[in-house]
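Thanks for taking a look at this one with me. My notes follow as numbered points, so you can check each against the model.

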Amino acid sequence: MSPRRPPAPNRQPNRPRIALALAGGGPLGAIHEVGALCALEEALPGLDFTDLNAYIGVSAGAFIAAGLANGMTPRQMCAAFIESDGGTDDLIDPSLFTRPAWREYRRRLRRLPSLAADAAWQVAAGKLPWVNALGLLGGALPNGLFDNRAMQAQLERVFSAPGRSNDFRQLRRPLVVVATDLDTGEAAPFGLPGWDTTPISRAVIASAALPGLYPPVAIHGRHYVDGALKKTIHASVLLDQGQDLLICLNPLVPFDASPRHAHHPAQAHDGKIPHLASVGLPAVLSQTFRSLIHSRLELGLKGYAHSHPECDIVLIEPDRHDPQMFRAGTFSYTLRRELAEHAYQQTRRWLRNRCAELAQVFGEHGVPLDLDSLFRERRLLPKLALRRSGNHLAERTHQVLDRLETELRRLAPETA
């Protein structure tokens with residue numbers, strides 16, 4: 001959280017300028033942000049997350065930011081993205097993220113004979129050693145493992161529903177989706193003037209095109225990839241527009257496996273991880289990736305405190321000592337219900353632990369913190385919904401029964 005400062009003289013008491021910045025983190029990042037936003041929505045009932053002053057999203061955060069800017073509440077996105085029960089039009093099928101890029105495979109495979117012939121000729125002519133000539137065959141490798149066209153088509157349907165728009169210029173509130181120009185390495189702020197003619201769905205897919213997993217996305221003759229390559233959160237884009245309060249969600253943090261935190265509450269349920277090296281290469285790579293992007297975020301936030309002292313910044317992140325979020329992996333999706341519930345409860349705990357300070361910050365901007373709701377036991381999803389039964393009808397029945405049980409417990413004190 002940014003340091004406290006005196007109220008700015010140019011505040012608008014009737015309409016505080018509250019913006020939201022969402023970082024990336026693959027499907028895991030989107031799952032965590034949905035759970036966290038549901039917790040924030042309950043704790044801040046005076047804040048409409050579909051009607052903030054502005055939004056910015058990077059990579060996976062672009063999916064969530066675009067949904068909010070289009071009037072989808074956190075609970076609606078939870079139904080579509082987590083419970084896979086958002087209705088026919090809003091449903092985000094997990095299989096859309098992992099469809100093989102067959103067309104890209106075929107296109108690259110057709111280049112293999114000519115590339116191999118060229119490499120063989122250069123070796124035979126003595127122009128290149130055979131080791132270097134093998135590098136020429138890299139042109140036959142696909143630019144991405146998965147095809148993102150199906151996901152783009154689904155986003156087009158979601159954003160074309162009544163009351164929504166796939167056009168940045170038609171949204172009620174400004175939305176910025178950041179990608180990276182592959183050929184220059186520069187940030188591409190889709191949604192800003194001069195960048196707002198690209199459909200929102202295509203900008204989101206470009207922002208989430210992680211190199212290696214998804215092919216670059218062609219837009220107006222340029223190729224774009226994941227927006228997190230340049231910066232973690234790109235908050236300055238919104239701060240430069242003038243904000244009073246900026247809420248930032250960053251779902252990926254380095255894991256702290258140090259012994260002094262072995263009995264931390266977040267580790268108690270899942271066991272500690274004494275040494276990441278003992279877990280294997282995936283854990284080492286994940287920690288490296290998390291550390292790199294988080295160091296950029298920390299540096300950026302320090303800069304924002306000096307360049308935009310008039311704006312309060314609230315940063316919400318997972319617990320660094322929590323092995324469950326770290327073990328899940330950046331691209332986890334199969335355990336989305338358990339992870340969303342975990343993020344929801346973790347965010348509620350974070351809000352409770354800092355309620356005195358946060359009540360002051362949010363209260364200054366006209367948004368009271370609902371302590372009664374925050375300290376009441378609640379769940380994001382019904383308990384039985386967390387058990388994947390494999391039977392949709394049975395699972396829906398369990399969910400209805402759980403909701404009924406929750407309502408009966410809520411009404412019990414009133415009827416006693």
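Which residue stands opposite cysteine 248 in E7? Alanine 21 does, and the points below start from that strand.

1. Some ground rules. This is a predicted model, where local features need pLDDT of at least 70 and side-chain atom pairs count only at pLDDT 80 or more, while totals for chains, interfaces and linings use all residues. Residues are numbered from 1 along each chain as its sequence is written, and side-chain values use heavy atoms, with hydrogens and water left out.

2. Strand E7 and its neighbours. Helices (H or I, at least four residues) and strands (E, at least two) are DSSP runs, numbered from the N terminus. Strands pair if DSSP finds at least two bridges between them. E1 (residues 18-22) is joined to E7 by 5 bridges, and the two run parallel. E7 is also joined by 5 bridges to E8 (residues 312-316), again in parallel. In that second pairing, leucine 249 stands opposite isoleucine 316.

3. How enclosed is E7, buried or exposed? Here buried means under 20% relative accessible area, exposed over 50%, and partly exposed in between (1.4 Å probe, protein chains only). In E7 (residues 245-249), 5 of the 5 residues are buried, so the strand is largely enclosed by the rest of the structure. Leu245, Ile247 and Leu249 point one way, Leu246 and Cys248 the other way, and all are buried. In a regular strand the side chains alternate between the two faces of the sheet.

4. The nonpolar cores. A core is a set of buried Ala, Val, Leu, Ile, Met, Phe, Trp, Tyr and Cys residues joined through side-chain atoms within 4.5 Å. The largest has 80 residues, of which Leu20, Leu40, Leu68, Leu175, Ile247 and Leu249 touch the most other members. Its largest share, 10 residues, comes from helix H1 (residues 26-43). Apart from it lies another core of 21 residues, among them Ala54, Val237, Leu238 and Leu239.

5. Leucine 249 is worth selecting in your viewer. Counting contacts as heavy atoms within 4.5 Å, and leaving out residues up to four places away in sequence, leucine 249 touches residues including Leu20, Leu22, Glu33, Leu40, Ile233 and Ile316.

6. Helix H2. In H2 (residues 60-69), 10 of the 10 residues are buried, and the helix is mostly covered. Phe63, Ile64 and Leu68 are among them, as are Gly61 and Gly67. Just after H2, glycine 71 takes a positive phi of about 90 degrees.

7. Salt bridges across the chain. With a salt bridge taken as a side-chain nitrogen of Lys or Arg within 4 Å of a carboxyl oxygen of Asp or Glu, the count comes to 16. Arginine 378 forms one with glutamate 42, the closest N and O atoms being 3.6 Å apart. This pair links distant parts of the chain, 336 residues apart: arginine 378 is in the loop between helix H15 (371-374) and helix H16 (392-415), and glutamate 42 is in helix H1. Arginine 378 counts as partly exposed at 29% relative accessibility, whereas glutamate 42 counts as buried at 13%.

8. Two further salt bridges. Aspartate 51 and arginine 172 meet through their side chains (3.9 Å, N to O). They are 121 residues apart, with aspartate 51 in the loop between H1 and strand E2 (54-58) and arginine 172 in the loop between helix H7 (149-159) and strand E3 (175-181). Arginine 172 counts as exposed, at 60% relative accessibility. Arg15, Asp51, Arg172 and Arg173 are linked in a network of salt bridges. Arginine 108 also bridges to glutamate 104, with the closest N and O atoms 3.1 Å apart. These two are separated by about one helical turn because they are 4 residues apart in helix H4 (residues 102-109).

9. Glutamine 345. This residue is found in helix H13 (residues 336-353) and counts as partly exposed at 23% relative accessibility. Glutamine 345 touches Arg378, Arg379 and Leu380, not counting residues up to four places away in sequence. Glutamine 345 and alanine 36 are 309 residues apart in sequence and 8.2 Å apart in space, C-alpha to C-alpha.
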